[in-house]
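Visitor: I should like to take a close look at a single part of this structure. Please choose one helix and describe it together with its surroundings.

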Amino acid sequence: MVRPMKVCLQWSLKFTNLTIGCLGTTMLFYGIWMIRVWQRDAADSHSSPDYDHFPWYIHAFLGIGTALCAITCLGHVAAHSANYYCLSSYMFIIFVLLLSEGVMAADVLLNDEWEKDLPEDPSGRFDEFKEFVISNKDFFRWIALFSVLAQGCSMLFAIMLRIIGKVKEYSNENEGEYSETWSPLLRPPELPPATVYPPYVIGEPVYKSV
C-alpha cells in the first residue's frame, strides 16, 4: 500500500514542480529577449549614457528565472530520490518563495506609491511592460494564481512524501528488531523410515546349466 502511494506522490510532485520550471524558463527567455531589444535601442541611440548598463528589471527577470529553474532541478532530484534532507531543503525554499511573493503582493496592494520606490528607467520599456500587464490583467492574474497554487501543491506533496518515507523507515526498523524465526504451530507427524531394497537389474532370466 505504501509503495503505490509513494510512486503517485513522486509523479505528482514532479508534475507540479515542472510548472515552476516552465515559469522560470519563460522569464529567462523574456529577459534574453529584453536584452536584445535593449541592445537594439542602444545601437539606435548613438552611444547615449542611458544605455551604458542594463536596467534593473532585466536583472530581475534573469535572476528570478534562474532561481526558479534551480528550484525545479532541486525538486526533481528530491521527488526522484525521496531523500529526507532533499525534501526538507525543497520545502524550506518553497516556503521562503511563497513568503516573498506574499510580502510583495501585500506591498503592491497596500502601498499606492510603490512605483516611486523603483529605480528610474530612461528608456521607457518598463512603462510599456506595465501597460501591457494592466491591459491583460485578467490573464496575468490567472498565471499568478496558478503559480502560487503549483508551489503550494508542491510543498504539500513534499510533506506527504517525507512523512511516507519516515513511516516506511520506522516499519523496516521494527521488522528487523522484532523479527523471529518462523516455526509451524503444529508439527507434522513423523513418517516411518522407508524400506530400503537392494538394487536389481531388469533383464532376461539366466538359467544355470546342469
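Guide: The account below takes helix α2 as its subject and then follows its surroundings outward to the core and the pockets.

The model is a predicted one. Its chain has 210 residues, of which 23% count as buried. The secondary structure amounts to 5 helices and 0 strands, and along the sequence the pattern reads α-α-α-α-α. Among contacts between residues at least 6 apart in sequence, 78% link residues at least 24 apart.

Helix α2 covers residues 56-81. Its 26 residues should span 38 Å at 1.5 Å a residue, and its end C-alpha atoms are indeed 38 Å apart, so expectation and model agree. The buried residues of α2 are Y57, I58, F61, G65, L68, I71, T72, G75, A78 and A79. After the helix comes A82, which has a positive phi, near 55°.

L74, also in α2, has a relative accessibility of 25%; it counts as partly exposed because this value falls between the 20% limit for buried and the 50% limit for exposed. Setting aside neighbours within four places in sequence, L74 is in contact with S89, Y90 and I93. Between L74 and Y90 the separation along the chain is 16 residues, while their C-alpha atoms are separated by 6.7 Å.

Y90 leads on to the nonpolar interior. The largest nonpolar core contains 26 residues, and L13 and Y90 are those with the most contacts inside it. At least two residues of this core come from each of α1, α2, α3 and α5. L13 itself touches two of the buried residues of α2, G75 and A79. Beyond residues up to four places away in sequence, the other partners of L13 are L87, Y90, S154, F157, A158 and L161.

A79 is also a partner of Q10, a residue whose contacts outside its own sequence neighbourhood of four places are A79, H80, A82 and L161. A82 is the residue with positive phi that follows α2. Q10 belongs to helix α1 and has 13% relative accessibility; it therefore counts as buried, the limit being under 20%. L161 is in contact with Q10 and with L13.

Helix α2 also takes part in the open spaces of the model. The largest pocket holds about 2000 Å³ of space. It is lined by 40 residues, and those closest to its centre are M104, F129, V133, F140 and A144. Two or more lining residues are given by each of α1 (2-44), α2 (56-81), α3 (84-110), α4 (125-135) and α5 (137-178). The largest share, 9 residues, is supplied by α5. By character, the lining comprises 29 nonpolar, 4 polar and 7 charged residues.

The second largest pocket holds about 210 Å³ of space. Of its 13 lining residues, Y30, W33, M34, R125 and F129 are closest to the centre. F129 is thus named among the residues closest to the centre for both pockets. Helix α2 contributes here too, since α1, α2 and α4 each supply at least two residues of the lining. This lining divides into 11 nonpolar and 2 charged residues, with no polar ones.

In summary, α2 supplies at least two residues to the largest nonpolar core, two or more to the lining of the largest pocket, and at least two to that of the second largest pocket.

Terms used. Residues are numbered from 1 along each chain as its sequence is written. This is a predicted model: local features need pLDDT of at least 70, side-chain atom pairs count only at pLDDT 80 or more; totals for chains, interfaces and linings use all residues. Side-chain values use heavy atoms; hydrogens and water are left out. On a 1 Å grid over the protein atoms alone, a cavity is a set of points where a 1.4 Å probe fits but cannot get out, and a pocket is an open set with protein on both sides within 12 Å along at least five of seven lines; lining residues have an atom within 4 Å of a point. Grid points are joined across faces, edges and corners, and a volume is the space filled by probe spheres set on the points. Helices (H or I, at least four residues) and strands (E, at least two) are DSSP runs, numbered from the N terminus. Ala, Val, Leu, Ile, Met, Phe, Trp, Tyr, Cys and Pro count as nonpolar, Asp, Glu, Lys and Arg as charged, and the others, Gly among them, as polar. Buried means under 20% relative accessible area, exposed over 50%, partly exposed in between (1.4 Å probe, protein chains only). Contact means heavy atoms within 4.5 Å. The expected span of a helix is 1.5 Å times one less than its number of residues. A nonpolar core is a set of buried Ala, Val, Leu, Ile, Met, Phe, Trp, Tyr and Cys residues joined through side-chain atoms within 4.5 Å.
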